[in-house]
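Q: I should like a close look at one part of this model, followed by a connected account of other local features.

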Amino acid sequence: MTRVLWIEIRRSPLRWWLPVLVALDLAVLFGRGQWWIGIWPQASVAAQIPCFYFGPALAAAAAWSAGRSTRTGFTEQLSAGARARHWAEFAQLASTLVFGVLAYLAGIVVAAAVSASEAGPGFLWPGYLLLGLALVVLCAGIGHLVGRWSRSQFAGPVICGLGCLVALGWYGAPSQLGLFALNGHPATTVAWLPLAARVALAGSVAAVAVTAARPVLRRAGRSWRSWPRGSGRYAVLGSVLALAVSVAALPGSGRLLTTRSAPPNPVCTQTSPRFCLWPEDRKYVPGLTAMAGRLAELPPDLFRLPPTFYEQGLRRPDRQAIDFYPREGSLWEATQGIAIGILQASTPAYCKPATPEAGMRQSVAEGDLIVWLSARLTGAGQPSTDHGGPPGVDIPAIGRFIHEPEPAQLAWVREHLRTIRETPCA
Amino acid sequence: MPKDRLWAVRHHLRAHHVRALLTGLVLLTAVDVLFGSLDLVLPSGGPSGAVSVPFRQELPIAFAALSVGTLHSAMATWEEAAAVRPNRLALGYPAVAVALSLILTGAAEAVVTDAGQACAAVRALVIWTGLAAVSGRTLGWRLSWLLPLVTVFPLTYLAQAADGRDRWWDWTGQPATQLPCWGLAVLSAGLGLAAVLLTPWRTPRPLRRWR
């Protein structure tokens, strides 16, 4: 069996495409910026994202390889072989999968190697990596099945490749079927039961692809000519049953991503006020320490500062709005949450404004102050990679304003704080 | 048309999968009209991490692969030794197939969306047809879908610059008024035409040795 497997791997049509697959993997890894490096869950998700492209690629490749016997007119000889047909099909599907998994592993190794120096203790999270593997096996199994059953050698690979891509894009997102993950914040993790359901689905689809031949109906004589003899019969029945069970179990297994419980000792900066982070996000500690230094430059009577700022997910869910979150590694995004926390501590509690104009003035003043605080905390204006912000606020102007002399800025801030505090309540 | 010429055309069409071509074109047009507005969420290297792409932007790949794939035939070795008239047919038939797919795509898009998007779809189809012809000539006409499908990766993952805008070469995202993408269309059409015309008897002698 291993000799046949080795022959299949050596003669697979994918053998010249392995460098292309590895290049694709690396392009996906490093094409989305470097912010995931040094955070283990983000690195795991970054290593898993190439599977979104490996799935359709391997589906098309498996459809093309599986159509080999139809292309060369060899189907009758294969059915008349001494060993069961499913061993030959298994060798073929395995050879296709070997190339995909090799390219995937190369990406995993690179992601781990690049992150190991910056990240703390721990390693890549296996949940995300297994999810990627399940996706690859699922798509390759579907491709093999279509390639085996389809009469047209052209339509099979095109439909598999494009169809898998479209299906994944339409229904595979984390909020829907959950076949891939796009973000690996330390507060979320892959739940094991949904992951096991997806792995089972992938395995059963591959089993059906390997054991089930195309049903051939004949008008006269026996109706199912390609029904396998002996053990093949039970193999087909078993794999179809497994597929039915895993498809039925998939919706009931729950959402793929769950929230993680907060660690007892989050990593905090040694400043006052403190910034506390998830232990996996420890690479942001120097940036936040610098931020605390810039916060200390402001006059102490200007704002009332909370003693500690927490990253999202470390506290109870009702604190989510004001906890900070460095989305995609952007510290500007984190400062938005920090600024909201400072404003909440420095201004009276929210009450419904008496008139809509007063309410508009209050929200624009708040937006201005949030953007000003973000700019002062990061030491620069909004970076070009970030977009959006509070409505009605001229963000580039504030980015230039922070370089004005200090007394002018403080007067502007005090005037805005007065506007907010003097908003008449209904 | 004299009877033997009609006979030659009919048999050429049969060898070159004309029924599959027509069925495929009708099916793809129907899919474009019915499911074209389906939003696909694809990962992206841009600032937002994911990009939402309507299905109709990637559908011309199937049209291109189908129309170029008809160049494949089981009688390929016989056709290589054919005379002038079948060779004219061998070029005219894919030209008609490509023209048909261009018309159907443009019409379907113009009906369902607007004229600007129809022009952009036709431009994308021209680029992908050229790529399909290059892919078919190098890898075999049954694999003409390979290069167009590979381009989906840079068009979705690498097309967003750091500030969120589409790059100049993203022919699916740029509107019909952008000139550089039309330059790409002309280049791709030229390459595709060269790939189809570069038959063994037209290849210069040094290149023939490499083939």
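Which residue in S2(B) stands opposite B:Leu42?

A: The residue opposite B:Leu42 in S2(B) is B:Val51. The model is predicted, and local features are therefore reported only at pLDDT of at least 70 and side-chain atom pairs only at pLDDT 80 or more, whereas totals for chains, interfaces and linings use all residues. Residues are numbered from 1 along each chain as its sequence is written, chains are lettered from A and ligands numbered from 1 in the order in which they are written, and side-chain values use heavy atoms, with hydrogens and water left out.

The pair B:Leu42 and B:Val51 belongs to an antiparallel arrangement in which strand S1 (residues 39-43) of chain B is joined to strand S2 (residues 50-54) of chain B by five bridges. Two strands are said to pair if DSSP finds at least two bridges between them. Strands (E, at least two residues) and helices (H or I, at least four residues) are DSSP runs, numbered from the N terminus. Six residues lie between the strands of this hairpin, and B:Gly49 takes a positive phi near 85 degrees there.

A positive phi also occurs outside glycine in chain B: that of B:His17 is near 55 degrees. B:His17 sits in the loop between helix H1 (3-15) and H2 of chain B. With a relative accessible area of 33%, B:His17 is partly exposed; on this scale buried means under 20%, exposed means over 50%, and partly exposed lies in between (1.4 Å probe, protein chains only). In helix H2 of chain B lies B:Ala20, which is partly exposed at a relative accessible area of 46%. B:Ala20 is separated from B:Gln174 by 154 residues in sequence and by 32 Å in space, C-alpha to C-alpha.

Helix H2 of chain B also contributes to a nonpolar surface patch. B:Val33, B:Leu34, B:Phe35, B:Val111 and B:Val112 make up this patch of about 480 Å². Two or more residues come from each of helix H2 (18-35) and helix H5 (84-112) of chain B, and H2(B) gives the most, with three. Patches consist of residues with over 30% relative accessible area and no salt bridge; like charges are joined within 9 Å, and nonpolar side chains (Val, Leu, Ile, Met, Phe, Trp, Tyr) within 5 Å. A salt bridge here is a side-chain nitrogen of Lys or Arg within 4 Å of a carboxyl oxygen of Asp or Glu. The accessible areas come from the Shrake-Rupley method with a 1.4 Å probe, and for residues only the protein chains shown count as cover. B:Val112, which is in helix H5 of chain B, is partly exposed, with a relative accessible area of 34%.

In chain A, strand S3 (residues 267-268) and strand S4 (residues 274-277) pair in the antiparallel sense over two bridges, and five residues form the hairpin connection from S3(A) to S4(A). The loop between these strands contains A:Pro273, and the peptide bond joining A:Ser272 and A:Pro273 is cis, with omega about 5 degrees. S4(A) also pairs with strand S5 (residues 308-310) of chain A, in the parallel sense and over three bridges. There A:Arg274 stands opposite A:Thr308 in S5(A).

A:Cys268 has A:Cys276 in S4(A) as its bridge partner, and a disulfide joins A:Cys268 to A:Cys276 with an S to S distance of 1.9 Å. The term applies to a pair of cysteine sulfur atoms within 2.5 Å. The structure holds one disulfide over all chains. The torsion about the S-S bond of A:Cys268 and A:Cys276 is about 105 degrees, so the disulfide is right-handed. Both A:Cys268 and A:Cys276 are buried.

By contrast, A:Cys160 is in no disulfide, and the nearest cysteine sulfur, that of A:Cys164, is 6.0 Å away. A:Cys160 counts as buried at 4% relative accessibility. In chain B, the sulfur of B:Cys181 is 13 Å from the closest cysteine sulfur, in B:Cys119, which is too far for a bond. B:Cys181 counts as buried at 0% relative accessibility.

Helix H13 (residues 331-346) of chain A has 16 residues and should span 22 Å, which agrees with the 22 Å between its end C-alpha atoms. The expected span is 1.5 Å times one less than the number of residues. Of the 16 residues of H13(A), 12 are buried, so this helix is largely enclosed by the rest of the structure. Among them are A:Trp332, A:Glu333, A:Gln336, A:Ile338 and A:Leu343.
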